[in-house]
Amino acid sequence: MPLRLRSDPPVTRLTRRAFWRRFGRLEHERLEFKASANHVLASIVAMAMTDGGTILVGVTDDRRLVGCSPLQPTLDRLGAIAYETEVDLAVSLVVVGRAVVVCVDVPAIRDRVVTTPDGRVLRRIGSANHPVRGDAVARFVRARDALGSGVG
């Protein structure tokens, strides 16, 4: 099953200070903040095609801990994305005060190409997701084939 989620995901309780110390306040190639799970698909694909990373659902771009409530729609959305992309997501919960943040760990995928449902190939560059276009797609696929076969 692509989404590693038990009936009760692991829960970690942190103070605000410990939360920011653990994750950092700046988004980068391996860290993304999302207020909700509505727009996590592109980041999951881009992180999987780069070096993996963590998406914190329930944290706004301006660093407010808003949490995920209700939690079930977020978990359902993540399960659907894991199924669509065939990316093995690991989900845990981080409780900071009254805010429940969903921590989504995205693995780096090296042996195949992960695309969005509409066929886009994305890479994570800095704190943004960028499409791979034109001849770059062919070079990208060849490079992954070489990595998968042990050549290169």
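## Close-up views of a predicted model

**View 1. Thr116 and its neighbours.** Not counting residues up to four places away in sequence, Thr116 touches Leu41, Val45 and Leu122; contact here means heavy atoms within 4.5 Å. Thr116 sits in the loop between β6 and β7 (122-125), where helices (H or I, at least four residues) and strands (E, at least two) are DSSP runs numbered from the N terminus. With 2% relative accessibility, Thr116 counts as buried. Buried stands for under 20% relative accessible area, exposed for over 50% and partly exposed for what lies in between (1.4 Å probe, protein chains only). A word on how to read all these views: the model is predicted, so local features need pLDDT of at least 70 and side-chain atom pairs count only at pLDDT 80 or more, while totals for chains, interfaces and linings use all residues. Residues are numbered from 1 along each chain as its sequence is written, and side-chain values use heavy atoms, with hydrogens and water left out.

**View 2. The largest nonpolar core.** This core has 29 residues, and those with the most contacts inside it are Ile44, Ile55, Val57, Val87, Val102, Val104 and Val106. A nonpolar core is a set of buried Ala, Val, Leu, Ile, Met, Phe, Trp, Tyr and Cys residues joined through side-chain atoms within 4.5 Å. At least two residues of this core come from each of α2 (41-48), β4 (53-57), α3 (71-85), β5 (89-96) and β6 (99-106). The most generous of them is α2, which gives six residues. To see the packing around one member, look at Val104: leaving aside its neighbours within four places in sequence, Val104 is in contact with Gly53, Thr54, Ile55, Val57, Leu78, Leu89 and Ala90. A second, separate core has 15 residues, among them Phe19, Phe23, Leu65 and Ala99.

**View 3. Helix α3 and its buried face.** The 15 residues of α3 reach 21 Å from the first C-alpha to the last, close to the 21 Å expected at 1.5 Å a residue; the expected span is 1.5 Å times one less than the number of residues. Buried along α3 are Thr74, Leu75, Leu78, Ile81, Ala82 and Thr85. Seen down the axis of α3, these buried residues fall within an arc of 125°, so they line one face of the helix; the arc is that of the directions from the helix axis to the C-beta atoms. Just after α3 comes Glu86, with a positive phi near 60°. Glu86 belongs to the loop between α3 and β5 and, at 54% relative accessibility, counts as exposed.

**View 4. Strand β5 and its partners.** Eight of the eight residues of β5 are buried, so the strand is largely enclosed by the rest of the structure. Leu89, Val91, Leu93 and Val95 point one way from β5, while Ala90, Ser92, Val94 and Val96 point the other way. Strand β2 (residues 11-14) runs parallel to β5 and is joined to it by four bridges; two strands pair if DSSP finds at least two bridges between them. Arg13 stands opposite Val95 in β5. The pairing of β5 with β6 is antiparallel and covers seven bridges, with Ser92 opposite Cys103 in β6. The hairpin of β5 and β6 has two residues between the strands, and Gly97 takes a positive phi near 65° there.

**View 5. The aromatic cluster.** Ring pairs link Phe19, Trp20, Phe23 and Phe33 into a cluster. Rings of Phe, Tyr and Trp (its six-membered ring) pair if their centres lie within 6.5 Å; planes under 30 degrees apart count as stacked, over 60 as edge-to-face and the rest as tilted. The whole structure holds three aromatic pairs. In one of them, Phe19 and Trp20 meet edge-to-face, at 5.0 Å centre to centre and 85° between the planes. The rings of Trp20 and Phe33 have centres 5.9 Å apart and planes at 90°, so this pair is edge-to-face. Trp20 lies in helix α1 (residues 16-23) and Phe33 in strand β3 (residues 31-34), 13 residues apart, so to speak a link between distant parts of the chain. Both Trp20 and Phe33 are buried, and Phe19 is buried with a relative accessible area of 0%.

**View 6. The loop between β4 and α3.** Pro70 lies in this loop, and the peptide bond from Ser69 to Pro70 is cis, with omega near 0°. Arg63 has its place in the loop as well. Arg63 is not a glycine, yet has a positive phi of about 70°; at 24% relative accessibility, Arg63 counts as partly exposed.
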